[in-house]
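Please walk through this chain with its charged side chains in view, and then turn to the strands and to the chain as a whole.

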Amino acid sequence: MTCGVSMTMCVSVPFVRPARGVSRRPGSRPVVQAKPVATRGTTLACSKTPTVDETTLDAIRHRAAHGALPGASPFPLLTNRGSTYYSHVSPGVCDACANSWQARSAWVVLLLGQLPSHRANLHRTFKQVGAGTLGNDFTDRYEEWEEAYVEYLEGISSSDESEQPEPNQGATLLDMVDEKERLLRRFGIDDLFAGMKAQENAVAAALFGVLANEIDGIWQPTEGSLQLKKGPVSDAADDEEKQKRFALQTVLECCLAGNLFDAGAAAAVAGVADISNSKQTFERSSDQTGPSSSHQTGPSALDATALGETFAEARKVVRRVGDEKGAESGGRASGWRFDSFDALADRATTRPWRRVVIFCDNAGADVMGMILLARTLAGLGGSGTKVVLASNESAALNDVTHCETVAFLKAVTETPSDQPGGISGTRDALLGAQLNGGQVTCVSSGQVSTLLDLNRTGSALNAWISEEMNDVPAGNDWLVVFDGMGRALESNWNVASHVKKNVNTLNLAMVKSEINARRLDAEVYDCVVKLGVGK
């Protein structure tokens, strides 16, 4: 299927390897309720690049190929030299899973806790898409999938010594989420969250113009940098550099607030799902079971007005102290939990990056935030800057796909008469000019997972980067942004250790689960804005 736009073609590509059969063992055991494995606290500094033996290298390469799409290959900005071969591993996640049934069991508990959200979205998607497309047996196929996936998770979390795999060979978190997607497609379920994503993209597109105008009221690019309109700037800053910093901070707060809306993070979503009282507080919860209703959970029930109110509340939660708004609304007492904002703003406002890759996470408010970030970084850099939005090739949980990103961009840059159906937004002239001028574009990342393995990025993204490196060699003029828990925390936490020298990396996410909070010595709702530099 094509998206009907000139940016790239959106095609459905099968997995290289068909889904594994699910073993049926009599008397399957309950999943062990293990506690997350404790890890050391982390700092903003990149850890020393790890060295690995040949056996582990073989395991890394095997997992990179496992589940990859045709044409996938290592990300061109990786080093992958000798024993410093990249693994998507974040400390305490997949490395621990590969060697410890306790670690595997802890992540299994989290994945099982997502199933109530999955069931709710089964009904939502069926109602939105209809039996004519999905088939009358859609619910039956979902139940078969859930049974198969639960049995798979029970098997890999076994505490039986006779069933333990060899060192480095246990199922990792990447294996677990990959198997989920393989099994979904085995049972003919291509996009379980299609209904939620369609609704959230629609309301986020309606909100986009309001936020873009707010940012433009703080700072706009000068003429010659694709500015299409003039207007007064806010009194919040008294010179252009301060205006730029404040605009960038506002954008990052929108990104972090958008990342809160994640169907896989029950603790976070439960805090904003019910908007009957728009002045509710956000409570830090360790609950991973999700809301109890099987038909009406999560933010997909919001209309544009309600989303605006809820998004405003989310922005209060993520505000960085240092401005009056943050102090007044209960922002963090000492900035974000992992806070590289000053270094990020210093660089972005004085010597902007010339090439930026943004790996997008969720649909709706999250991808809205990433597009606002792309718009701002392109504006700061001027006409010589190029920003690419890289989204999944195919559906995984509520992650936005490439085709959905293209549709969102069209919705917020084209006039209503140009878009006879689908998402409806407010035309943004600046972003439209950036798209038409090649400053902002989007491609498929080639990924099929909620995690990000840079050993298997797609051919379209790799070709874009390779071509751009002819004009801007890999180094200090490149920035790679990793959005969300799956791409920035559960994988690629220390990614700066593996990119080419002087390439900048930005991990941008909200901590939305207890297992990640404990691993990072943080709390649920803590924010991560972590800048790294390849050595």
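**Charged pairs across the chain**

In this predicted model, Arg315 and Glu214 form a salt bridge in which the closest N and O atoms are 2.8 Å apart. Arg315 belongs to helix α11 (residues 304-318) and Glu214 to helix α8 (residues 194-218), so the salt bridge ties together parts that are 101 residues apart in sequence. The partners do not fall into one class of exposure: Arg315, with a relative accessible area of 8%, is buried because that value is under 20%, whereas Glu214, with a relative accessible area of 26%, is partly exposed. In general, side chains of opposite charge can pair when their charged atoms come close.

A second pair to inspect is that of Arg245 and Asp346, whose side chains meet in a salt bridge with an N to O distance of 2.5 Å. This pair, too, links distant parts of the chain, with Arg245 in helix α9 (residues 240-259) and Asp346 in helix α13 (residues 341-350), 101 residues apart. Arg245 has a relative accessible area of 18% and is buried, while Asp346, at 39%, is partly exposed.

Helix α13 also supplies Asp342, and the side chain of this residue meets that of Arg320 in a salt bridge at 3.6 Å, N to O. Arg320 lies in the loop between α11 and α12 (324-328) and Asp342 in helix α13, so this contact ties together parts that are 22 residues apart in sequence. Arg320 counts as buried at 12% relative accessibility, and Asp342 counts as partly exposed at 42% relative accessibility. Through salt bridges that share partners, Arg245, Arg320, Asp339, Asp342 and Asp346 are joined into one network. For the chain, the count of salt bridges comes to 25.

**A covered strand and its neighbours**

From the charged pairs, the view can move to strand β6 (residues 504-510), which is mostly covered, with 7 of its 7 residues buried. On which sides of β6 do its residues point? Asn504, Leu506, Leu508 and Met510 point one way, Thr505, Asn507 and Ala509 point the other way, and all of them are buried.

Strand β6 has pairing partners in β5 and β7, and the two pairings differ in direction, as the following counts show. Strand β5 (residues 478-483) is joined to β6 by 5 bridges, and these two strands run parallel. Between β6 and strand β7 (residues 527-533) there are 7 bridges, and here the strands run antiparallel. Leu508 is a useful residue at which to look at both pairings, since in β6 it is the bridge partner of Asp483, and it also stands opposite Val529 in β7.

**The chain as a whole**

With these local features in place, the totals for the chain can be read alongside them. The secondary structure comes to 19 helices and 7 strands, and buried residues make up 60% of the 535 residues. Among contacts between residues at least 6 apart in sequence, 80% join residues at least 24 apart. The salt bridge between Arg245 and Asp346 likewise links parts of the chain that are 101 residues apart. As for the surface, the chain exposes about 20,700 Å², and carbon and sulfur atoms supply 50% of that area.

Definitions and conventions:
Residues are numbered from 1 along each chain as its sequence is written. This is a predicted model: local features need pLDDT of at least 70, side-chain atom pairs count only at pLDDT 80 or more; totals for chains, interfaces and linings use all residues. Side-chain values use heavy atoms; hydrogens and water are left out. Buried means under 20% relative accessible area, exposed over 50%, partly exposed in between (1.4 Å probe, protein chains only). Helices (H or I, at least four residues) and strands (E, at least two) are DSSP runs, numbered from the N terminus. Two strands pair if DSSP finds at least two bridges between them. Contact means heavy atoms within 4.5 Å. Accessible areas come from the Shrake-Rupley method with a 1.4 Å probe; for residues, only the protein chains shown count as cover. A salt bridge is a side-chain nitrogen of Lys or Arg within 4 Å of a carboxyl oxygen of Asp or Glu.
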